[in-house]
Amino acid sequence: MMKRLLAIRLQAFLLLLFLCLLCGGCHRAPQLADGTQEEHEYDQLMQQKQWAKIVEKNRLTPTASEACYNVVRLASWHLGKCSRAELDKCLDDSHGVLGSETSALMMSDIYIQLGMVNMARRAAFDAMVAMRDERPNSRALKRLAEVAIITREYDLAKKYIIIGEQYDDCRPWAKRLRPLVEHPEKISDYPSYQKLREIHDSQKDEFFL
């Protein structure tokens, strides 16, 4: 009974957030929206999987940003220079690291690599509400759709995909994900999503932390 109540509350919250995004509401102060130049640089290097460059960049000029340092942790782990216990410290501060659109996107990517799909969803939400542009952020919207598919919330995933289909930069991933909503059994054709679902089903992954 308790699990069902929590699921209902989560669904209601997600629907409310969906409506906010659809209406273009909920924006943060402009100075918080985009992120710092340093965050942009670390985010770009992370997307390019330039792990050695990330570690060297921090060695030359140590970052004061916790979000950026979490990227350094992830890079060090990929290079075999960081233990899983050290990498899991990325989970220690789940609020302060989401101060801008860019930092929230970085943390969403880190959380998904840690297998924490609900935390990745929350960070993607933060990236959305930090935006100054009325257009949805393609990367954040895709993550929201991905997590909804992983957690079997297919109606919600379909809503995100429908939004994505309205924008040129979102259509490629929306087209790729739509079959997973219309034919959920096809998730076996996407090993990374299948693995994340198994992790999600087997471990505690809180949405609000």
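This text goes through a predicted model, starting from helix H3 and moving to the core, the cysteines and a pocket.

Helix H3 spans residues 37-47, and its buried members are Glu39, Tyr42, Asp43, Leu45 and Met46. These buried residues lie on the same side of H3, because the arc they cover around the axis is only 165°. An α-helix has 3.6 residues a turn, so residues three or four places apart point the same way. The partners of the buried residues of H3 are four other helices: H4 (51-60), H5 (66-78), H7 (101-113) and H9 (138-150). Just after H3, Lys49 has a positive phi of about 55°.

Met46, one of the buried residues of H3, shows how this packing looks for a single residue. Beyond its neighbours within four places in sequence, Met46 is in contact with Trp51, Ile54, Val71, Leu74, Met106, Asp109, Ile110 and Arg139. Met46 also belongs to the largest nonpolar core, which has 58 residues. Within that core, the members that touch the most others are Met46, Ile54, Met107, Ile110, Tyr111, Trp173 and Leu177. In soluble globular proteins, nonpolar side chains tend to be buried together.

A polar residue is also buried in this model: Asn70, in helix H5, counts as buried because its relative accessibility is 1%, under the 20% limit. Leaving aside neighbours within four places in sequence, the contacts of Asn70 are Lys89, Cys90, Val97, Met107 and Ile110. Two of these, Met107 and Ile110, are among the core members that touch the most others.

The cysteines come next. The structure holds zero disulfides. For Cys82, the nearest cysteine sulfur is that of Cys90, at 7.5 Å, whereas a disulfide needs the two sulfur atoms within 2.5 Å. Cys82 counts as buried, with a relative accessibility of 14%. Cys170 is buried too, and its relative accessible area is 0%.

The last feature is the second largest pocket, with a volume of about 400 Å³. It is lined by 17 residues, and the closest to its centre are Asp109, Ile112, Gln113, Arg143 and Glu146. Asp109 has already appeared as a contact of Met46. Helices H3, H7, H9 and H12 (191-202) each give at least two residues to the lining of this pocket. H12 supplies the largest share of the lining, five residues. H3 thus returns here as a contributor to the pocket lining, while its buried residues pack against H7 and H9, among others.

Terms used
Residues numbered from 1 in each chain as written. Predicted model: local features only at pLDDT ≥ 70, side-chain atom pairs only at ≥ 80, totals over all residues. Heavy atoms only, no water. Core = buried A, V, L, I, M, F, W, Y, C linked by side-chain atoms within 4.5 Å. Buried < 20%, exposed > 50% of the residue type's maximum accessible area, 1.4 Å probe, protein only. Contact = heavy atoms within 4.5 Å. Arc of directions from axis to C-beta. 1 Å grid on protein atoms, 1.4 Å probe; cavity = no way out; pocket = protein on both sides within 12 Å on 5 of 7 lines; lining within 4 Å. Points joined across faces, edges and corners; volume = space filled by probe spheres on them.
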